[in-house]
Amino acid sequence: MDKETNLLTFVVDTLRQPKYGLTALAGTAGFFVLYSFFSGFWLVPGLNFGVVREVAIEWFDVAYVILVSVFAGLLLAFLKYKADDVKSNAGLAGAGGATIGFFAATCPACQAVSLTALGTTFFSLPLGPIIPYLWVLRIASLFILGFAAYLAADSAYTKICKPIFQVKK
């Protein structure tokens, strides 16, 4: 670690490497396709299969999907960097977390998919009353995902896994 570099230059230099830059781009594109599908932006051509929205797509819907996709792509690239650097099961753990996160979707439109895939438990709760507060959940999810991307980049930069919370004895 050079004294002249900081976290931002480290992120830029890492993303300039084809291996991690392409991972970030592919991850961003893949997450954009996935999130835009689940947000009802498009239907599967020929089958007309997908999420049908009852409200028009607004600019903040598009901005949310773009930001989530970018943060998730960056997180994916730095998890790959850390997995390559540490030579551990971090990549497997990241893939497990992404899989769990994918199936944990509980938006009212996705409830039928989750209910069919995972059965009746948490997914059978009526979530219609949270619709007016989805903007709060979106902001919170952007903050958490952005913070996770920051922590992954910082951990790769410092090569130290810092605990977020410490219990004092």
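What should the 25 residues of helix H6 (residues 134-158) span at 1.5 Å a residue, and how far apart are its end C-alpha atoms? I looked this up and found an expected 36 Å, and the end C-alpha atoms are 36 Å apart, which agrees. The expected span is 1.5 Å times one less than the number of residues.

I note that this is a predicted model, where local features need pLDDT of at least 70, side-chain atom pairs count only at pLDDT 80 or more, and totals for chains, interfaces and linings use all residues. Residues are numbered from 1 along each chain as its sequence is written, and side-chain values use heavy atoms, with hydrogens and water left out.

**H6, continued.** I listed buried residues (under 20% relative accessible area, 1.4 Å probe, protein chains only). Among them in H6 are Leu142, Leu145, Gly146 and Tyr157. Just after H6, Lys159 takes a positive phi of about 60°.

**Ser69.** I found Ser69 in helix H3 (residues 59-86). Ser69 counts as buried because its relative accessibility is 1%. I then checked its side chain for polar partners. The Ser69 side chain reaches the backbone nitrogen of Phe32 at 3.2 Å. A polar atom of that side chain also lies 2.7 Å from the backbone oxygen of Val65. I looked for contacts (heavy atoms within 4.5 Å). Leaving aside neighbours within four places in sequence, Ser69 is in contact with Thr28, Phe31, Phe32 and Tyr35.

**H1 and H2.** Helix H1 (residues 7-16) packs against helix H2 (residues 18-38) at about 90°, with axes 5 Å apart. I therefore call H1 and H2 roughly perpendicular (65 to 115 degrees). Thr14, Leu15 and Arg16 of H1 meet Pro18, Tyr20, Gly21 and Ala24 of H2.

Conventions
Axes fitted to C-alpha atoms, helices over the stretch in contact; angles between N-to-C directions. Helix = DSSP H or I, 4+ residues; strand = E, 2+ residues; numbered from the N terminus. Parallel < 35°, antiparallel > 145°, perpendicular 65-115°, else oblique. Buried < 20%, exposed > 50% of the residue type's maximum accessible area, 1.4 Å probe, protein only. Polar contact = N/O pair within 3.5 Å; in protein donor to acceptor, adjacent residues only side chain to side chain.
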